[in-house]
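The exercises below are meant to be worked with the sequence and the 3D structure side by side. Try each task before reading the solution that follows it.

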Amino acid sequence: MSRANVIAVGMIDARFECIRTGDTSPQLFAETSMAMEMAYALGAIDDGEFFHYKERYNRLYQTQAEAFLADIRRSAP
C-alpha cells in the first residue's frame, strides 16, 4: 500500500463512518462521492477499491432514500 492509498482510504472510510453513525446530510454524501472519485482519478485507489466503495455508497444512499420515503408516507394524511 502506498502512502497515497493509506491517506485516501482513511479519508473515505472516515466519511463512511460519519454516515454510518447518523450524519446523513447531503453535503456529507457529496463529500464522500467526491473523495472516492478524486482518489480513483489520481490513482490512489485501484479499480477494485473504487467499485467496492461505489457499491457501499450506493447501498447507503438507497437506505437513506428509502428512510426518507417512509417518513413522507408516515406523515401523509
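**Exercise 1. Which helices help to cover the buried residues of α3, and which residues are these?**

Solution. The cover over the buried residues of α3 includes α1 and α2, where cover is judged by contact, meaning heavy atoms within 4.5 Å. The buried residues of α3 are Phe50, Tyr53 and Tyr57, and buried means under 20% relative accessible area, exposed over 50% and partly exposed in between, with a 1.4 Å probe and protein chains only. Before going further, note that this is a predicted model, in which local features need pLDDT of at least 70 and side-chain atom pairs count only at pLDDT 80 or more, while totals for chains, interfaces and linings use all residues. Residues are numbered from 1 along each chain as its sequence is written, and side-chain values use heavy atoms, with hydrogens and water left out.

**Exercise 2. Describe the fold and the overall dimensions of the chain.**

Solution. Begin with the secondary structure: the chain has three helices and zero strands, and along the sequence it reads α-α-α. Helices (H or I, at least four residues) and strands (E, at least two) are DSSP runs, numbered from the N terminus.

Next, compare the radius of gyration, taken over C-alpha atoms, with the globule rule of 2.2 Å times the number of residues to the power 0.38; the chain has 15 Å, whereas a compact globule of 77 residues would be near 11 Å. The C-alpha trace spans about 55 × 20 × 15 Å along its principal axes.

Then turn to helix α3, whose 29 residues reach 42 Å from the first C-alpha to the last, close to the 42 Å expected at 1.5 Å a residue; that expectation is 1.5 Å times one less than the number of residues. Two C-alpha separations can be checked on the model: Leu69 of helix α3 is 25 residues from Ala44 in sequence and 36 Å from Ala44 in space, while Phe51, also in helix α3, is 49 residues from Ser2 along the chain and separated from Ser2 by 19 Å.

Finally, consider burial and contacts: 23% of the 77 residues count as buried, and of the contacts between residues at least 6 apart in sequence, 54% join residues at least 24 apart.

**Exercise 3. Is Asn5 buried or exposed, and which residues beyond its sequence neighbours does Asn5 contact?**

Solution. Locate Asn5 in helix α1, which covers residues 3–20. Asn5 has a relative accessible area of 6% and is therefore buried. Once neighbours within four places in sequence are set aside, the contacts of Asn5 are Ala44, Ile45 and Glu49.

**Exercise 4. Examine salt bridges within a helix and between helices.**

Solution. A salt bridge here is a side-chain nitrogen of Lys or Arg within 4 Å of a carboxyl oxygen of Asp or Glu, and the structure holds five. Side chains of opposite charge can pair when their charged atoms come close.

One of these bridges joins the side chains of Arg56 and Asp13 at 3.7 Å, N to O. The pair links distant parts of the chain, with Arg56 in helix α3 and Asp13 in helix α1, 43 residues apart. Arg56 is partly exposed at 26% relative accessible area, and Asp13 is partly exposed at 32%.

Another bridge, between Glu17 and Arg20, has an N to O distance of 2.6 Å, and both residues lie in helix α1, three residues apart, about one turn of the helix. An α-helix has 3.6 residues a turn, so residues three or four places apart point the same way. Glu17 is partly exposed at 36%, whereas Arg20 is exposed at 57%.

In helix α3, Asp71 and Arg74 are likewise three residues apart, about one turn, and the closest N and O atoms of their salt bridge are 2.2 Å apart.

**Exercise 5. Which residues form a nonpolar patch on the surface?**

Solution. The patch consists of Met34, Met38 and Leu42, with about 350 Å² of accessible area together. Patches are made of residues with over 30% relative accessible area and no salt bridge, like charges being joined within 9 Å and nonpolar side chains (Val, Leu, Ile, Met, Phe, Trp, Tyr) within 5 Å. Leu42 sits in the loop between α2 (26–41) and α3 (47–75), and is exposed because its relative accessible area is 70%.

For the chain, the exposed area is about 5400 Å², of which carbon and sulfur atoms supply 60%; accessible areas come from the Shrake-Rupley method with a 1.4 Å probe, and for residues only the protein chains shown count as cover.
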